[in-house]
Amino acid sequence: MRILLVEDNVDLADAIVRRMRRSGHAVDWQHDGLGAASVLRYQSFDLVVLDIGLPRLDGLSLLGDLRERGDATPVLMLTARDGIEDRVHALDVGADDYLAKPFDFREFEARCRVLLRRSRGQASAVVQVGTLVFDSAAHTVQVDGQPLELPNREFRLLEILLGKLEQVVSKDEIAKGLFGFDDEAGPNAIELYIGRLRKKLGESSLRIVTVRGVGYKAESVDG
């Protein structure tokens, strides 16, 4: 998914970016609040990971501005402060979850997955379409009980399409979910990943339909 990380600790930010990109997420990083505020006014994200203590504009002020504009993007707050008042304040301002530093990256990733699922209206990490079973937490796909090996980008593409099963997803929406600002993606990149994914899905219970001039739709073969 497309994630914005707003964190002024360079070492921590680098570790988060590398870890989340290895999982196939598109991650953009801003090191101060004003820069992030500017980006959020023209670019949408699936999740914002936001530090409270930021230069130029603190995280709580940035979050307040975001919510005042009616932007409901899920926000995970990060902070070195461990006082209950800070946590309550962050949640009252509009944070969806809160994680104190230092943290275990496994918990960080789990909390991100929960917020991403919640934003798509999914209660579980597992999505099943016929004999195809997609597990975002375990990062696995099975077809007819057999594992289907997918590189990270193809896995995330399938996740995007399953998140809107039986609905058309535009190429622009797919691109925003797969690629960050620093990614080099040619004009035919999405078609390439779609083609690869279709080939690997083969005769499974899920097919990817091209809606000419609009985008793509994942649909159940039995539906």
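User: What volume does the largest pocket have, and what makes it a pocket?
Analyst: About 440 Å³, counted as the space filled by probe spheres set on grid points joined across faces, edges and corners. It's a pocket because it is an open set of points on a 1 Å grid over the protein atoms alone, with protein on both sides within 12 Å along at least five of seven lines. Bear in mind that this is a predicted model, where local features need pLDDT of at least 70 and side-chain atom pairs 80 or more, while totals for chains, interfaces and linings use all residues. Residues are numbered from 1 along each chain as its sequence is written, and side-chain values use heavy atoms, leaving out hydrogens and water.

User: Which residues sit closest to the centre of the largest pocket, and how many line it?
Analyst: There are 16 lining residues (an atom within 4 Å of a point). M1, F45, D46, K164 and E173 are the closest to the centre. Helix 6 and helix 7 (171-178) are the elements giving two or more residues to that lining; helices here are DSSP runs of H or I, at least four residues, and strands are E runs of at least two, numbered from the N terminus. By type, the pocket lining has 4 nonpolar, 5 polar and 7 charged residues, where Asp, Glu, Lys and Arg count as charged, Ala, Val, Leu, Ile, Met, Phe, Trp, Tyr, Cys and Pro as nonpolar, and the others, Gly among them, as polar.

User: What makes a cavity something else, and how many are there?
Analyst: In a cavity a 1.4 Å probe fits but cannot get out. The structure has 2 of 30 Å³ or more, and the largest cavity is about 50 Å³. Its lining is H25, R113, L116, R117, R120, S136, R156 and E159, which splits into 5 charged, 2 polar and 1 nonpolar. Helix 5 (105-119) and helix 6 (152-163) each supply at least two of them, and helix 5 gives the most, with 3.

User: Why is the packing of helix 6 and helix 8 given the orientation label it has?
Analyst: Helix 6 and helix 8 (residues 189-201) pack at about 85 degrees, axes 10 Å apart. Since 65 to 115 degrees counts as roughly perpendicular, helix 6 is roughly perpendicular to helix 8. The axes are lines fitted to C-alpha atoms over the stretch in contact, with angles from 0 to 180 degrees between N-to-C directions. R153, E154, L157, L158 and L161 of helix 6 meet Y193, I194, R196, L197 and K200 of helix 8, contact being heavy atoms within 4.5 Å. That contact has 6 nonpolar, 4 charged and no polar residues.

User: And which label do helix 1 and helix 5 get?
Analyst: Helix 1 (residues 10-22) meets helix 5 at about 60 degrees, axes 12 Å apart. Under 35 is roughly parallel and over 145 roughly antiparallel, so what falls outside those and the perpendicular range is oblique; helix 1 and helix 5 are therefore oblique. L12, A15, I16, R19 and M20 face F105, R106, F108, E109 and C112 there, dividing into 7 nonpolar, 3 charged and no polar.

User: What is the peptide bond from K101 to P102, and what is the phi of R56?
Analyst: The K101 to P102 bond is cis, omega near -10 degrees, and P102 is in the loop between strand 5 (97-100) and helix 5. R56 has a positive phi of about 70 degrees although it isn't a glycine. Most residues other than glycine have a negative phi, and most peptide bonds are trans.
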